[in-house]
Amino acid sequence: MKENQFKKWEDLDITDDFIFSRVMRNKKLCRTLLEMILKVKIGKIKFLTSHHAIRVEPNAKGIIMDVYLKDENRVINVEMQTSNQGDLARRARYYQAAADIDTTPKGSEYEDLKENVVIFICTFDPFHRDKAIYSFANYCIGYGEPIPLEDGTTKLFLNTATKQLRDLDQELQLFYDYVRGKPAQTNFTKELDATITRMKQEKEERNMYLTYTSRMMEFRREGLEEGISIGLTQGIERGTYETKLETAKKLLARGDSPAEIADLLSLSVSQVQELKTLE
């Protein structure tokens, strides 16, 4: 994205990664979207932070993930993609490798690796075959019927630009329509739209976006985008974390339980209980 391609706050929608990553912090909306796409039941979600920065080792290429989470069975990365630079397949490969390393503690066995799913929601057709969803897994070829490798990895590319929607259920079709800028028509897209509207009315969210874009323009002029964007993202996340703590204090004062607050704000119960001891 070039310097002048950052949208005004008022013009942002679900296709902008800043909005998408923030809205998907709502566990209900996130779970609904994942179950709609994957056709499986998603367990208890644990966010590994939105706009999560990963650097496997100091000299490795760093990456920032829009929505990065896990449940009991799988680790999932969801990306909103509006520009086609021809590198999505290899990006998906790198993201999955980084997520495996990031979520597998030292001393683990290979069998401990969770299923690893990468989902790119594209506003264009990434493979020019006019399929609504491109789903990739690893297979052995050349010996008759392909043999699945069963390594637990899946790469999905949603082509929301397609007109070939007949293979999708109605809920997903109407989500595609919403991504393309049409009015919300389902309970899910209406709730998604209402959440975005509320968020865009919050001064704190707007200031966070303005800080992010102004700093990014500055760093891009200096050719420092990759390294600095990771640091900037972590700084934004730190600010968000501190805001969560302030909100948690207010909810404690109101009488909400630490468990309820922890679930609402994606904090640990111990973090909330610590605040209670400081009162």
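## Basis of the description

A residue is termed buried here when its relative accessible area is under 20%. The model under discussion is a predicted one.

## Overall composition

The chain contains nine helices and ten strands. Of its 279 residues, 42% are buried. The exposed surface of the chain amounts to about 16000 Å², and carbon and sulfur atoms account for 49% of that area. When contacts between residues at least 6 apart in sequence are considered, 60% of them link residues at least 24 apart.

## Helix α4 and its surroundings

Helix α4 is mostly covered, with seven of its ten residues buried. These buried residues are Leu172, Leu174, Phe175, Tyr176, Asp177, Tyr178 and Val179. Their cover includes helices α2 and α5 together with strands β6, β7 (133-136) and β10. Following α4 comes Gly181, which has a positive phi near 100 degrees.

Phe175 has a relative accessible area of 1%, and is therefore buried. Phe188 also counts as buried, at 6% relative accessibility.

## Aromatic pairs

Ten aromatic pairs are found in the structure. In one of them, the ring centres of Trp9 and Phe18 are 6.3 Å apart and the planes meet at 75 degrees, so the arrangement is edge-to-face. Trp9 and Phe18 are both buried.

The pair formed by Phe175 and Phe188 is tilted, with 6.0 Å from centre to centre and 45 degrees between the planes. Because Phe175 belongs to helix α4 (residues 170-179) and Phe188 to helix α5 (residues 187-200), this pair ties together parts that are 13 residues apart in sequence. A single aromatic cluster is formed by Tyr95, Phe120, Phe127, Tyr134, Phe136 and Phe157.

## Nonpolar cores

In soluble globular proteins, nonpolar side chains tend to be buried together. The largest nonpolar core of this model comprises 43 residues, and those with the most contacts inside it are Phe20, Met24, Ile76, Ile119, Ile121, Phe175 and Leu192. Helix α2 (residues 27-38) contributes the most to this core, supplying seven residues. Beyond its neighbours within four places in sequence, Leu192 contacts Ile14, Val23, Met24, Leu29, Phe175 and Tyr178.

Another core, of 16 residues, lies apart from the largest one; among its members are Ile63, Val75, Ala92 and Cys122.

## Strand β6 and its partners

Strand β6 (residues 115-122) has seven of its eight residues buried, so the strand is largely enclosed by the rest of the structure. Strand β5 (residues 74-81) runs parallel to β6 and is joined to it by eight bridges. In this pairing, Gln81 stands opposite Cys122 of β6. Between β5 and β6 the chain passes through helix α3 (residues 88-103), and the resulting β-α-β crossover is right-handed.

Strand β10 (residues 153-159) is likewise parallel to β6, with seven bridges joining the two. Here Cys122 stands opposite Asn159 of β10. Cys122 thus faces Gln81 as well as Asn159, and Cys122 is also a member of the core of 16 residues.

Technical notes: Residues numbered from 1 in each chain as written. Predicted model: local features only at pLDDT ≥ 70, side-chain atom pairs only at ≥ 80, totals over all residues. Heavy atoms only, no water. Helix = DSSP H or I, 4+ residues; strand = E, 2+ residues; numbered from the N terminus. Buried < 20%, exposed > 50% of the residue type's maximum accessible area, 1.4 Å probe, protein only. Contact = heavy atoms within 4.5 Å. Areas by Shrake-Rupley, 256 points an atom, 1.4 Å probe, with all protein chains shown as cover. Phe/Tyr/Trp six-rings, centres within 6.5 Å; stacked < 30°, edge-to-face > 60°. Core = buried A, V, L, I, M, F, W, Y, C linked by side-chain atoms within 4.5 Å. Pairing = 2+ DSSP bridges. Right-handed = clockwise from strand over helix to strand, strands pointing away.
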